[in-house]
Amino acid sequence: PPSERKNTSIKVNIDLATPDKALKSYWAVRDSVRAKQFELFTQSKEGFQSAEAQMSAVSDGALAKSLSFDKDPIDTFSRDLIDVKVESESRAVIVVVIKNSTPIPAGAEISKFDEELRRDGERYRYILEKNQTGWRVSEIWEWSTYPSAEWKKKLPRDGKPHVPSLTYEGV
């Protein structure tokens, strides 16, 4: 019941005084939102299980289990600032490397690709703009090597609809 649910909302200390502090505040808020989403997802477990009940009728037991609600813990990340450039009074660019630091479960087999990705991380470029209240993240770019090496804008999508292209592991 909703009355029994614990409220784990975390009040994040937001500091928009400098571009790097604003970006760290952005990450703290994003982590807080992701934690709350995971909490709500976990609280809905019974609803998901009833919706998934028929998976075993259409898939092998091992596949049905891998697709079931039993989700892994929320991912954790290390984030390293590589370069901070204040380009003007109202614009800054920060390049970072983000690595997934979630503990690898016992018995998991890690591929060479995943091992390298966890070791090296991924590069992102954050554009921050300053207004009356301080610095704020306005754009996120990702370094991509496919099909060519270049920065690709991830967010925002400029009001255009998202074109789904991921296949989510054959689902």
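Student: Which residues make the nonpolar surface patch of about 220 Å²?

Tutor: The model is a predicted one. One member of the patch, Ile14, lies in the segment before helix H1, which spans residues 19-43. The patch of about 220 Å² is made by Ile14, Val29 and Val33.

Student: In what order do the elements of the chain run from the N terminus on?

Tutor: The secondary structure comes to five helices and five strands. From the N terminus on, the order of these elements is α-α-α-α-β-β-α-β-β-β.

Student: What share of the area that the chain exposes is supplied by carbon and sulfur atoms?

Tutor: The chain has 171 residues, of which 19% count as buried. It exposes about 12,800 Å². Of that exposed area, the share from carbon and sulfur atoms is 54%.

Student: Among contacts between residues at least 6 apart in sequence, what percentage join residues at least 24 apart?

Tutor: The percentage is taken among contacts in the chain whose partners are at least 6 apart in sequence. Within that set, the part that joins residues at least 24 apart is 48%.

Student: Which element gives the most residues to the largest nonpolar core?

Tutor: In soluble globular proteins, nonpolar side chains tend to be buried together. Here the largest nonpolar core has twelve residues: Ala22, Leu23, Trp27, Ala92, Ile94, Val96, Ile98, Tyr124, Tyr126, Leu128, Trp135 and Ile140. Two or more of them come from each of H1, strand E2 (91-100), strand E3 (122-131) and E4. With four residues, the element that gives the most is E2.

Student: Which residues does Ile94 contact, leaving aside its neighbours within four places in sequence?

Tutor: Ile94 is a member of the largest nonpolar core. Its contacts include Leu23, Tyr124, Tyr126 and Leu128, which are also listed in that core. With the neighbours within four places left aside, the full list for Ile94 is Pro19, Asp20, Leu23, Leu81, Asp83, Val84, Tyr124, Arg125, Tyr126 and Leu128.

Student: How far apart are the C-alpha atoms of Asp83 and Val93?

Tutor: Asp83 lies in strand E1 and is partly exposed, with a relative accessible area of 30%. Leaving aside neighbours within four places in sequence, Asp83 is in contact with Val93, Ile94 and Val95. Asp83 and Val93 are ten residues apart along the chain, and their C-alpha atoms are separated by 8.0 Å.

Student: Is Arg34 buried or exposed, and at what relative accessibility?

Tutor: Arg34 forms a salt bridge with Asp31, the closest N and O atoms being 3.3 Å apart. Both residues lie in helix H1, three residues apart, about one turn of the helix. Asp31 is partly exposed at 28%. Because the cut-off for a buried residue is under 20% relative accessible area, Arg34 counts as buried, at 18%.

Student: Why does the salt bridge between Asp31 and Arg79 tie together separate parts of the chain, and how many residues apart in sequence are they?

Tutor: The closest N and O atoms of Asp31 and Arg79 are 2.8 Å apart. Because Asp31 lies in helix H1 and Arg79 in strand E1 (residues 77-88), the pair joins parts whose separation in sequence, in residues, is 48.

Student: Which residues are linked with Arg79 in a network of salt bridges?

Tutor: The count of salt bridges in the model comes to ten. Arg79 is partly exposed, with a relative accessible area of 22%, and it forms a salt bridge with Asp31. Asp31 also forms a salt bridge with Arg34. The residues linked with Arg79 in the network are therefore Asp31 and Arg34.

Student: Which residue stands opposite Ser144 in E5?

Tutor: Strand E4 (residues 134-144) and strand E5 (residues 150-155) run antiparallel and are joined by five bridges. A hairpin of five residues leads from E4 to E5. Opposite Ser144 stands Glu150.

Student: Lys154 forms a salt bridge with which residue?

Tutor: Lys154 lies in strand E5 and its partner in strand E4, so the pair ties together parts that are twelve residues apart in sequence. Lys154 counts as partly exposed at 41% relative accessibility, whereas the partner, Glu142, counts as buried at 17%. With the closest N and O atoms 3.5 Å apart, Lys154 forms its salt bridge with Glu142.

How values were computed. Residues are numbered from 1 along each chain as its sequence is written. This is a predicted model: local features need pLDDT of at least 70, side-chain atom pairs count only at pLDDT 80 or more; totals for chains, interfaces and linings use all residues. Side-chain values use heavy atoms; hydrogens and water are left out. Two strands pair if DSSP finds at least two bridges between them. Patches are made of residues with over 30% relative accessible area and no salt bridge: like charges are joined within 9 Å, nonpolar side chains (Val, Leu, Ile, Met, Phe, Trp, Tyr) within 5 Å. Accessible areas come from the Shrake-Rupley method with a 1.4 Å probe; for residues, only the protein chains shown count as cover. A salt bridge is a side-chain nitrogen of Lys or Arg within 4 Å of a carboxyl oxygen of Asp or Glu. A nonpolar core is a set of buried Ala, Val, Leu, Ile, Met, Phe, Trp, Tyr and Cys residues joined through side-chain atoms within 4.5 Å. Buried means under 20% relative accessible area, exposed over 50%, partly exposed in between (1.4 Å probe, protein chains only). Contact means heavy atoms within 4.5 Å.
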